[in-house]
Protein chains: 2
Amino acid sequence: MANFVFNQFIPTRLFFGCGEISKLATETLPGKKALLVISAGTSMRRFGYLDKVINLLGKNKVEVVVYDKILANPIKSHVMEAAELCRKEQCDFIIGLGGGSSIDSAKSIALMACNEGDYWDYMFGGTGKGKPAIGGALPVVAIPTTAGTGTEVDPWTVITHNNEKIGYGIAPLFPAVAIVDPEMMISVPAHLTAYQGFDAFFHAAEGYIANVATPISELYSLKSIELIYKSLPKAVADGRNIEARSDVALASTLAGMVESTSSCTSEHALEHAMSAYYPELPHGAGLIVLSVAYFSAFVNDVPERFMKMAEAMTGTKSNDPQDFIKALIAMQKACNVEALKLSDYGIVEGDLAKFAANARATMGGMFSLDPRALTDEDVLAIYKQSYR
Amino acid sequence: MANFVFNQFIPTRLFFGCGEISKLATETLPGKKALLVISAGTSMRRFGYLDKVINLLGKNKVEVVVYDKILANPIKSHVMEAAELCRKEQCDFIIGLGGGSSIDSAKSIALMACNEGDYWDYMFGGTGKGKPAIGGALPVVAIPTTAGTGTEVDPWTVITHNNEKIGYGIAPLFPAVAIVDPEMMISVPAHLTAYQGFDAFFHAAEGYIANVATPISELYSLKSIELIYKSLPKAVADGRNIEARSDVALASTLAGMVESTSSCTSEHALEHAMSAYYPELPHGAGLIVLSVAYFSAFVNDVPERFMKMAEAMTGTKSNDPQDFIKALIAMQKACNVEALKLSDYGIVEGDLAKFAANARATMGGMFSLDPRALTDEDVLAIYKQSYR
């Protein structure tokens, strides 16, 4: 049973659906001059998304300054540089266009445009100083072009600095507006579609077994889990299947609402530790590798939760919590990600103890949300079972 | 299938659960001096709720001015009088404490504290002038002591003036804070518990069959329908059953979220027309009387929707949309409301044509959200079938 004392706050105005990007031209936006944050990759220009967004903003009489250096695992120095640019250009809101890296960076830039000092002054965990961000943040408009992070409807941003990959969230970082348009996602290649879709899946599943789940977060979780199981393999198989893309996009946004109402658990801490040291490891790929061992660790702690997730996936009544693990493995196979190997990203077995220590040190809070407290030995065992 | 292009915006900060009223003393509230709006009845004082709230606000250093004239079907003249008091006392936010009448009035007062002229200048429909409320509204804190309206998480307020009972809603009227504490509901008598619970049920069910339902609103609808079917009879039978009260309170809030993401349909217009002329008729009682004929009118238009609702209620697979009607009647019996008669409230058969015309004239927009467009003859037939 989920907690019957809870709070809920998701102040983002969400526009969802094919063609909804056009709302940029017609809706009241939270400012007149935007810093538009995109990745250092080529896709936003190559697929015409950047031009389209600038054109629509022009119709809404919004000026645009582009910052285009964000890395796949976004880093602090870009946050600081872009915040400086934002102040200099006197932008009054930030648009994050792209994957989670661009939108998370947009949030962190929005924070540093309004607060003095260094971004790490405000981080909790790791070497962060935990200062309160009394300056608040500029408003953020989030336009995801991937279906995975759910960051468009949550207050969280994950930035890396010196092997510390730390999540941070305060109420002013909820995007004021989120536009989730599945047509902006059709260009994502198959393997990234799979990694990102699994990231969303784990937001939903971790949030469902988390000890802070609520009667409302579990609605979002189960629907997200159902949609991803049903449609992620189709979106991976054919990226132009717009119905499957829409299902996965909705699932990702619902999973973001899970992050705003429940929370990720320590699986995310375990993964962040890995990609903090190996930034070439995609976050979703890292989660996929860890997931069977991680979830298996809790099967007997909250068996009814696992059976409910299995039922959402398969559509049939479950009497065995292992049904979830079986369905998870089946979905990995259907998405061609069952053979992912950490060693392919250069990770060696000798790294695992370091990851375990880093996960606890930088994102220790997530461990308190697991269905059962994992010991350091448990954590190392999950890494070892997942390693190949 | 629900609409796959939709928007969602529920900016209210919700605190839910037994004891959560204490958040009044500890959370940041949206002002320092509150106009506290309660009904003209005695229950807020008699059960100690008013003292409790004022005491908690005092701990939070919030000053309070009480306005205690609101009627069960709240009227425009009280909105105008209280807005005047609010300006005179320089209150900077409004608290609605009580049933939907007090919270809706708080919203309308918040509007008129910031806008010139007459409240009806801003109404759409009926003799309203449809002026834009450019002044916005003061922030509202909603503390429901009944489980029915869901107004604590939606932008809607329903006020009556000269036989026009009209709903109005704009974004600034979403409560900034909602505190839903089931312990504040245990004093509601059995028959009102039933009427209010059915009101919530119809918000959920109408929102589920509405042609503007979304993939998210339907999650709220089905959970609300499930909880009410399961627990409303228990809350009616024993008002001190706090678990049942909590289920029904959560269902009511979820149904309010349905009103913010989908919409009520014309059943609500049909009922408002009746209680506009007969303000002694409780809103929920009017809905109960209409419901079997109203929902039966759509059984063949969206049969799969009715079967899904039946499944949420009974927990068993449905292959017949009439299962919903059967379960609705069973729930009426379980809550001792199956024998309600409009004639007991003084309504005569000659009134029915007048109701039909009023419903269309004052709340015509709701008819456009039905699964199928009802003709005037259809509407009159629903009234006639429901009359005794």
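In this predicted model, the largest cavity holds about 160 Å³ of space. Its lining is made up of 16 residues, and those nearest its centre are A:Gln8, A:Ile10, A:Tyr220, B:Gln8 and B:Ile10. Strand E1 of chain A and strand E1 of chain B each supply at least two residues of that lining. Counting cavities of 30 Å³ or more gives four.

The two E1 strands also turn up together in an open sheet. Twelve strands make up this sheet, and the pairing is mixed. Reading across chain A, the order goes E3(A)-E2(A)-E4(A)-E5(A)-E8(A)-E1(A), then carries on into chain B as E1(B)-E8(B)-E5(B)-E4(B)-E2(B)-E3(B). At the edges sit strand E3 (63–70) of chain A and strand E3 (63–70) of chain B, each of which pairs on one side only. From one strand to the next, the twist averages 25°.

A bit of detail is available for one pair of strands in chain B. Strand E5 (residues 140–144) and strand E8 (residues 177–180) of chain B run parallel and are joined by two bridges. In one of the pairings with E8(B), B:Val141 has B:Val177 as its bridge partner. Over in chain A, helix H8 (residues 242–261) lies across strands E1 (6–16) and E8 (177–180) of its own chain, and across strand E1 (6–16) of chain B as well. The helix runs at about 150° to E1(A).

Helix H8 of chain A comes up again in the largest pocket, where H8 is among the elements giving two or more residues to the lining. This pocket contains about 1,900 Å³ of space. It is lined by 48 residues, and the closest to its centre are A:Leu222, A:Glu226, A:Lys308, B:Leu222 and B:Glu226. Both chains chip in: H7, H8 and helix H11 (303–314) of chain A, along with helix H7 (217–237), helix H8 (242–261) and H11 of chain B, each give two or more residues to the lining.

One of those central pocket residues, A:Glu226, has a salt-bridge partner too. Its side chain meets that of A:Lys223, with 3.4 Å from N to O. The two residues belong to helix H7 (residues 217–237) of chain A and are three residues apart, about one turn of the helix. How much of each is accessible? A:Glu226 counts as partly exposed because its relative accessibility is 30%. A:Lys223, with a relative accessible area of 15%, is buried.

Across all chains, the salt bridges number 34. Some of them involve Arg372. In chain A, the side chains of A:Arg372 and A:Asp378 meet at 3.5 Å, N to O. A:Arg372 is partly exposed, since its relative accessibility is 30%, and A:Asp378 is partly exposed as well, at 25%. This pair belongs to a network of salt bridges that links A:Asp301, A:Arg372 and A:Asp378.

In chain B, B:Arg372 forms a salt bridge with B:Asp301, and the closest N and O atoms are 2.8 Å apart. This contact ties together distant parts of the chain, with the two positions 71 residues apart along the numbering. B:Arg372 sits in the loop between helix H13 (352–363) and helix H14 (376–386) of chain B, while B:Asp301 sits in the loop between helix H10 (283–296) and helix H11 (303–314) of chain B. Relative accessibility is 29% for B:Arg372, so this residue counts as partly exposed. B:Asp301, with a relative accessible area of 32%, is also partly exposed.

Definitions and conventions
Residues numbered from 1 in each chain as written. Chains lettered and ligands numbered in written order. Predicted model: local features only at pLDDT ≥ 70, side-chain atom pairs only at ≥ 80, totals over all residues. Heavy atoms only, no water. Pairing = 2+ DSSP bridges. Helix = DSSP H or I, 4+ residues; strand = E, 2+ residues; numbered from the N terminus. Axes fitted to C-alpha atoms, helices over the stretch in contact; angles between N-to-C directions. Contact = heavy atoms within 4.5 Å. Salt bridge = Lys/Arg side-chain N within 4 Å of Asp/Glu carboxyl O. Buried < 20%, exposed > 50% of the residue type's maximum accessible area, 1.4 Å probe, protein only. 1 Å grid on protein atoms, 1.4 Å probe; cavity = no way out; pocket = protein on both sides within 12 Å on 5 of 7 lines; lining within 4 Å. Points joined across faces, edges and corners; volume = space filled by probe spheres on them.
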